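I opened this model to look up three things. They are a pocket, the ligand site and the salt bridges.

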Amino acid sequence: MDLRYTEEEEAFRAEVRAWLEDVLPSVPPEPDRNDWAARRVYDMGWQRMCYDAGYAGINWPKEYGGRGATPTEHLIFLEETERARAPYVGMNFVGQLHAGPTLVVEATPEQKAFYLPGILKGEHVWCQGFSEPNAGSDLASLRCKAERDGDDYVISGQKIWTSYGHVAEYCEMLVRTDFDVPKHKGITWLIVPMDRAGIDIRPLLTMEGSSEFCEVFFDDVRVPIANRVGDENDGWRVANVTLSFERGTAFVSDVLQTQVLVRDLAELARTITSRGATKWEDAGLRRDLGKIAAELDALWALTKRNISQAQRTGLVGPGGSAFKLAFTELRNRLGDLAMHLLDRASLSLDDIGDIRIDEQMRGRFWALSMTIAAGTSQVQRNIVAERVLGLPRDR
Ligand SMILES: Cc1cc2nc3c(=O)[nH]c(=O)nc-3n(C[C@H](O)[C@H](O)[C@H](O)COP(=O)(O)OP(=O)(O)OC[C@H]3O[C@@H](n4cnc5c(N)ncnc54)[C@H](O)[C@@H]3O)c2cc1C
């Protein structure tokens, strides 16, 4: 691993920076979180702008619309977009950050040619149908079944916590294709078009009052066998490829956003006063914030290590779990620290100057949910214990 950037990479950074300075003034303000139609226009519009400028799928193959550049250049692009506070990947999260990367590694050339350009151009939203009511942490226990009938699979069962399910065109989905073998060996990874007859999507309300995810019911839904990625019953292996991207590289922008947040909170601490002193004069708070800033630096080095490994092997591996665990737990602690700093405003939700306190509180709830999404912290600890440290198996 080499953590230094080359001259060519720094030239690429300057090019991205100049492009962002040029285009960001023309990006409209972010829409209301519950206005899904406007969010789609905003998120996919930004994706299209990136695509038109040659900055979509920076490390994806050129023949499918990517830039064919290195993962390090991808990292530089993310550093620059966060620094400039450009729009987040938003509803393109699943497509861009884990379904697409899985297709790059595992799909057939025909599947890549058909699905990857739609993700890169911001035409298709993807969702993830992995979890079920009785298969979350123990994902391999999933029971939503797919039976062969002619050229199709016929799917019956239920998924839950399907983020963006109500706005997605496609779902990366795990189904059970064999009930008579050990549970990990009877799973298949499928691409499911969300407009198929027999799909019933019911949005769920989060504690923030937003409908980010859904329950999805499948009643004899027909999907061509050609939509299978990997072999039949080899879906657990493909799912682990997806999860390694979801845990290992999908959070890269979030680390950068969190670095920006630490700086924002330090600024804020200088303006909030309590009992005649600014919060910044509290040595304990400065120490806690400084410790988090240092840990974020270490996490950035771990990110580069994961990216460097992905560059060599095409995959992130269990290092992604170590990263996901450390980052989401840290982000959660920072959420607590922000509440401590904001004091009563975190309950009254009164803005402080230009600082939107409701946004800060949303960030706090989001941090909590991130210790659950993509596999809980406890599950990541089990993976790190077994696959990185070689400790005895959980069960
Ligand atoms: C914001 C968000 C977005 C999500 N988006 C999606 C999505 O788009 N698609 C999708 O398929 N899923 C999604 N999920 C679901 C997510 O993957 C699951 O919630 C997660 O895997 C946990 O499963 P569960 O909720 O069933 O909890 P459970 O598995 O029931 O776990 C309950 C508790 O038991 C603990 N536990 C369970 N097993 C063990 C063990 N072996 N050792 C120690 N502790 C254990 C867990 O850590 C947890 O604290 C999302 C979740 C969130 C929060």
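My entries follow, pocket first.

**Entry 1: the second largest pocket**

I am working from a predicted model. I looked up the second largest pocket and noted a volume of about 700 Å³. Its lining has 34 residues. I listed those closest to the centre: N59, W60, H74, Q96 and L97.

Next I asked which elements give two or more residues to this lining. I found five entries to write down: α2 (36–52), α3 (71–83), α4 (93–106), α7 (252–271) and α8 (283–313). The most comes from α3, which gives 7 residues.

I then sorted the lining by class. I noted 22 nonpolar residues, 10 polar and 2 charged.

**Entry 2: the ligand**

I moved on to the ligand and found 18 residues around it. S131, S137, W161, S163 and T376 come nearest.

Which atoms of S131 and S137 lie 2.6 Å from an oxygen atom of the ligand, backbone or side-chain? For S131 I found a backbone N or O atom at 2.6 Å from a ligand oxygen. For S137 I found a polar side-chain atom, at 2.6 Å from an oxygen atom of the ligand. I also checked F130, where a backbone N or O atom lies 2.9 Å from a ligand oxygen.

I looked up the ligand's area too. Taken alone, the ligand exposes 980 Å², and the protein buries 67% of that.

For the shell around the ligand, I noted that β3 (152–163) and α12 (377–388) are the elements that give two or more residues. The most comes from β3, with 3 residues. By class, I recorded 6 nonpolar, 10 polar and 2 charged residues in this shell.

**Entry 3: salt bridges**

How many salt bridges does the structure hold? I noted 28. I picked one to follow up: E80 with R17. Their closest N and O atoms are 2.7 Å apart.

I wanted to know what this pair ties together. E80 lies in helix α3 and R17 in helix α1 (residues 7–23), so the pair links parts that are 63 residues apart in sequence. As a reminder to myself, side chains of opposite charge can pair when their charged atoms come close.

I made one cross-reference to Entry 1. Helix α3, where E80 lies, also gives the most to the lining of the second largest pocket.

Note on methods
Residues numbered from 1 in each chain as written. Predicted model: local features only at pLDDT ≥ 70, side-chain atom pairs only at ≥ 80, totals over all residues. Heavy atoms only, no water. 1 Å grid on protein atoms, 1.4 Å probe; cavity = no way out; pocket = protein on both sides within 12 Å on 5 of 7 lines; lining within 4 Å. Points joined across faces, edges and corners; volume = space filled by probe spheres on them. Helix = DSSP H or I, 4+ residues; strand = E, 2+ residues; numbered from the N terminus. Nonpolar A, V, L, I, M, F, W, Y, C, P; charged D, E, K, R; others polar. Near = heavy atom within 4 Å. Polar contact = N/O pair within 3.5 Å; in protein donor to acceptor, adjacent residues only side chain to side chain. Areas by Shrake-Rupley, 256 points an atom, 1.4 Å probe, with all protein chains shown as cover. Salt bridge = Lys/Arg side-chain N within 4 Å of Asp/Glu carboxyl O.
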